[in-house]
Amino acid sequence: MEWQNFRRSDNVEDRRGDSDSGDPAGSGGGLSLPGGLGAGHLSLGVIIIIGLIGWALGIDPRVLIGGAEMLNGGQSTQQAPASPAPAQQASTETGVPKDQIGQFVAAILAETEDVWSQVLPAQKGIQYVPPKLVLYNGFTRSGCGGASASMGPFYCPEDKKVYLDTSFFRDMQTKYGGGGDFAYAYVIAHEIGHHVQDQLGILSKVNAAEQNADSQEQANALSVRIELMADCLAGVWANNAQAKYHVIDQGDVEKAVATAQAIGDDRLQKATRGYAVPDSFTHGTAAQRVQWLETGLKSGQIDACNTFAQ
């Protein structure tokens, strides 16, 4: 993916140097592009303990780790308990980061801004209001509560911000299909897709429906549909970005599809406990995630992403 010539967005809030950011155990560090990403995960001992508890209770360990966006098998991050976002620490920087991975994130964020500022008004008659994207190490605070590296990237509708510990890119490289610039861009575009849902008024309605659902299975089914729609909207972004800038090649698409396959609930659950429990899915199967990403990629139309009509 040819991103180097993209403009850079100023809507990046870099908390990687915050006193309130970093692993609670103090294992934070600087970041670079994969594979030199800094530390930002729970300790191995904690992960093992959580895994054993989950195995003993028959619960997906990711549910115990936290409401994860794109990784967890539990409650949708958009439903995280709301708490006031704290004041920014003095070390927080807003604007274009100077390091390579920060430059990449700012470039992809700018591309989402440029595309959605045209597509959303043209297709839905709604002015696009860009969100902030928060970079952090290990742990930080959001308008939806605490954010940790184990949760994966997520969008918080309470403060209209995307939260990203870029160590997730390292995990993609080592665990989820090999990564690649467009695969990393897909992750960011998926979260921006949630912001588009928020602007369309869809996200708040689905979150309310999840909270009022008669069962956890019913709430999970709603979560799957909202996540698959975000996958499709990521494809819509890519389609329109390609039509205007011609920056994506077939190899990029293949890597993004491989990532979508790797982070399907069925594959993640089978990897963690040897079998899948469909009623507990919150993000969709590998096949569903690929299907909806490709739907957006081929159509470039928001209306093609109506997962609730299926």
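**Close-up 1. Strands E6 and E7 side by side.** In this predicted model, E6 and strand E7 (residues 161–164) run antiparallel and are held together by three bridges. To pick out one of the pairings, look for Tyr-155: its bridge partner in E7 is Val-162. Strands in a sheet pair through backbone hydrogen bonds, so the backbone is the part to follow here.

**Close-up 2. The whole five-stranded sheet.** Zoom out a little and E6 and E7 turn out to belong to an open sheet with the order E2-E1-E3-E7-E6. The pairing across these five strands is mixed. At the edges sit strand E2 (93–94) and strand E6 (154–156), each with a pairing on one side only.

**Close-up 3. Two nonpolar cores.** The largest nonpolar core takes in 60 residues. If you want its best-connected members, go for Ile-108, Trp-116, Phe-169, Phe-182 and Trp-237, which have the most contacts inside it. There's also a second core, separate from that one and made of eight residues, including Val-134, Tyr-136, Cys-144 and Met-151.

**Close-up 4. The second largest pocket.** This pocket holds about 230 Å³ of space. Two elements each give two or more residues to its lining: helix H7 (216–245) and helix H10 (286–299). H7 is the top contributor, with six residues.

**Close-up 5. Who lines that pocket.** Fifteen residues line the second largest pocket, and the ones nearest its centre are Ala-221, Val-224, Arg-225, Leu-228 and Gln-288. By character, the lining splits into six nonpolar, six polar and three charged residues.

Notes
Residues numbered from 1 in each chain as written. Predicted model: local features only at pLDDT ≥ 70, side-chain atom pairs only at ≥ 80, totals over all residues. Heavy atoms only, no water. Core = buried A, V, L, I, M, F, W, Y, C linked by side-chain atoms within 4.5 Å. Buried < 20%, exposed > 50% of the residue type's maximum accessible area, 1.4 Å probe, protein only. 1 Å grid on protein atoms, 1.4 Å probe; cavity = no way out; pocket = protein on both sides within 12 Å on 5 of 7 lines; lining within 4 Å. Points joined across faces, edges and corners; volume = space filled by probe spheres on them. Helix = DSSP H or I, 4+ residues; strand = E, 2+ residues; numbered from the N terminus. Nonpolar A, V, L, I, M, F, W, Y, C, P; charged D, E, K, R; others polar. Pairing = 2+ DSSP bridges.
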